[in-house]
Amino acid sequence: MFKLPRPAALAAVLPLAGCMPAAVPVGLILPSEPYVPVPPPRYAKVTAGVQDFRVVEPKDWRELNRQVAPKAGSGGMEGMPGMDGMPGMGGKRDSGGR
């Protein structure tokens, strides 16, 4: 009887393994429950919720600071003990420069 060494047998059989048809899972061919109700697809804009970030003219930095600064009586450092003698802590608006 004729015996092939193992590496030679593998070298002869492995190229033939690529010719075998691949088994497709049944779940990909047949749906499990084809009569389950599904909501229809709805249209949604691609640009929904997009904000506009166009270039604008620069604004005065002093006025911007006043807009975001805490209002009088809403906290801040005005009523804190020890802040009486500190410049800029008396609730005065800045004069816009030195």
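Let's start with a yardstick: a residue is buried under 20% relative accessible area, exposed over 50%, and partly exposed in between (1.4 Å probe, protein chains only). What you have here is a predicted model, where local features need pLDDT of at least 70 and side-chain atom pairs count only at pLDDT 80 or more, while totals for chains, interfaces and linings use all residues. Residues are numbered from 1 along each chain as its sequence is written, and side-chain values use heavy atoms, leaving out hydrogens and water.

The protein has three helices and zero strands, where helices (H or I, at least four residues) and strands (E, at least two) are DSSP runs numbered from the N terminus. Of its 98 residues, just 1% are buried.

Take helix H1, residues 6–17. At 1.5 Å a residue, its twelve residues should span 16 Å, and the end C-alpha atoms are indeed 16 Å apart; the expected span is 1.5 Å times one less than the number of residues. The number of buried residues in H1 is zero, so this helix lies largely in the open.

Now for the charged pairs. The whole structure holds three salt bridges, meaning a side-chain nitrogen of Lys or Arg within 4 Å of a carboxyl oxygen of Asp or Glu. Asp-52 pairs with Arg-54 at 3.5 Å; Asp-52 is exposed at 55% relative accessibility, and Arg-54 is exposed at 66%. Arg-62 and Asp-60 also meet at 3.5 Å, N to O, with Arg-62 partly exposed at 25% and Asp-60 partly exposed at 36%.

Glu-63 and Arg-66 form a salt bridge at 3.6 Å. They sit three residues apart in helix H3 (residues 61–68), so about one helical turn separates them.
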